[in-house]
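Colleague: Could you take a close look at one small part of this model for me? I'd like to know where it sits and what it touches.

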Amino acid sequence: MCGIIGYVGKRNTSKLLIDGLKKLEYRGYDSAGICILNNNNLTTIKRKGKIKDLEVVEGISKIKGNIGIAHTRWATHGEPSQINAHPHTDSKGEIALVHNGIIENYHSLKELLIQDGYIFTSETDSEILVHLIKKFYMDDLETAVKNALSYVEGTFGIAVLHKNENRIVVARRGSPLIIGIGENEMIFASDAIPIMDYTKRVIYLNDDEMAILSANDFKICKIDGEIVDSEIHEIKWSIDQIEKKGYKHFMLKEIFEQPEAMENVLRGRIKEGKIKLTIDFDVSKLERIVITACGTSWHSALLGKFFIEKHVNIPVEIDYASEYRYRQTIVKDNDLFVVISQSGETADTLAALRKAKADGAKSIGLINVVGSTIAREVDSGIYLHAGPEIGVASTKAFLCQVTALILLGLYIKQEKGEKLDQEILKELFNVPEKIKKCLNLSKEISEIAKNYTHSRNFLYLGRNNNFPVALEGALKLKEISYIHAEGYPAAEMKHGPIALIDEEMPVVFIATNSAILDKVISNMEETRARKGVLITITDNGNEAINRLSDKIISVPRTHEDLSPLINVIPLQLLAYHIADLKDLNVDRPRNLAKSVTVE
Ligand code: AGP
């Protein structure tokens, strides 16, 4: 999704901004631009396409100036084009602005501004902001921004320059902004990654706050004026965690990091047969758990439901955050509201959390990005410790989410005074080794993948707790290979999707040991009878599985209730290799964004 970076200090700003934009590329974008202030003059350059298209614009690296803002745009209002790209400027080129988010009342504001004689050049909602600020500008950018924002409905992370002021004004409502405090320099961005090269001391701007940044000084205040005393945090990640380290893609690196990621999420959280979590309130009397999330995180929520209902005997409802936020929902006294998010910035998930909290819910967040908005707004949390996830297709965060949900479920059981299943606790520590064995199948899976690069459709089928794994396998494939794929509970197939099966349809079955493996095998028989092509993930050398499958991927056996943690790995690898063989941009698939900060 859109990215912002800005700088004020002593360095070569155009190079710094371009480098920063490259670090934001993983978020997904379709155009980019920079604006640099020098000698009371703003130079703005923007292009449709990739940062490399911007980087080669003649003269861009020679622009002088030590203060500037830059942006990667992911189109919402208006097509991807040079004109719609940011920064936007007023017609005299005195003010420049970059914006993440959506201005909801932009139609009415635009009409008023046009009546006042302002001339619009783009189709974006963002452009109204620059004209609105211009309208209020009377020699003080801070005041003009404050006044303009008081008319705005919607979400924004903005950064604004005025040609006559050696400072940058930034503000946020619903769209993250992080300010890095350096030695005689300030660098800010929509996530921490481009900041880390320069400083690890950061301030996370809260909603309705703004910052006024100059090289040696900063001021944080509310948009309504009140001064805020913000805490300075230390970023704990290191730069080498966000390098590819010899892997062809970040996604592959992140798939291979999963054994370690799982060890990290478990570390210190199981001791002497007990679960140790820092949850700031009593969970012993819970009567219901509601989990909301989006995409892959929603799939882990569904897995959490299977595990918690079976082991903790508490009803669990799950909801897409985008639905929860707009439907009539009920919060009761003994409910727990859980949000799951890798980025901690997903707009729908954040809105669902705020709604539940406003209705009185106690909340827990399972979040990867430390200091993200959701992480800061939940009542209590479990950090995933997956490390930075750069590939747009989530892999290691999913594994850590599922592990964290298992820990949360067992913790609640323990707090209710019930005995924990020690076999599961023990086996959790064996899973990382078993994941390593799955990773050793990468070559074999890439050979299998060669048969399916021209497939147009895929079905993924699993039952019980491997149904969410089927959903996740299908999502991975469609995200990065652009092959249409659907996940279903295997037995549901006969109620419709079976009509799709013929000799052109690869069907991935998850057929690992379980109380209902025989039922899964019956579903495999039904598929085979319709000439479907079966790719089977199994830990079982069963004669029927061997006979029915065209391709078999053998995985190590684990406890039935933990099997999703193993079974998802070959599905990630299958999606990865198919997309890579198709020579697609695995880490930055088309139309997708790593962090979906608009609704
Ligand atoms: C997963 O591969 C996705 N790209 C996407 O579905 C993602 O899981 C979803 O947007 C939620 O993101 P979050 O976990 O950062 O909230």
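Modeller: Sure, let's start with Arg-325, which sits in the loop between helix H9 (321-324) and strand E19 (335-341). Helices here are DSSP runs of H or I with at least four residues, strands are DSSP runs of E with at least two, and both are numbered from the N terminus. Before going on: this is a predicted model, where local features need pLDDT of at least 70, side-chain atom pairs count only at pLDDT 80 or more, and totals for chains, interfaces and linings use all residues. Residues are numbered from 1 along each chain as its sequence is written, and side-chain values use heavy atoms, with hydrogens and water left out.

So, is Arg-325 buried or exposed? Arg-325 has a relative accessible area of 17%, so it counts as buried (buried is under 20%, exposed is over 50%, partly exposed is in between, with a 1.4 Å probe and protein chains only). And which residues does Arg-325 touch? Skip residues up to four places away in sequence, and you get Ala-347, Asp-348, Ala-351, Ala-352, Lys-355 and Glu-599. Contact here means heavy atoms within 4.5 Å.

For comparison, try Lys-478, which lies in helix H15 (residues 467-481). Lys-478 is partly exposed, at a relative accessible area of 32%. Leave aside its neighbours within four places in sequence, and Lys-478 is in contact with Ile-483, Ala-485 and Glu-486. You can also look at Ala-579: it is 101 residues from Lys-478 along the chain, yet their C-alpha atoms are separated by 9.3 Å.
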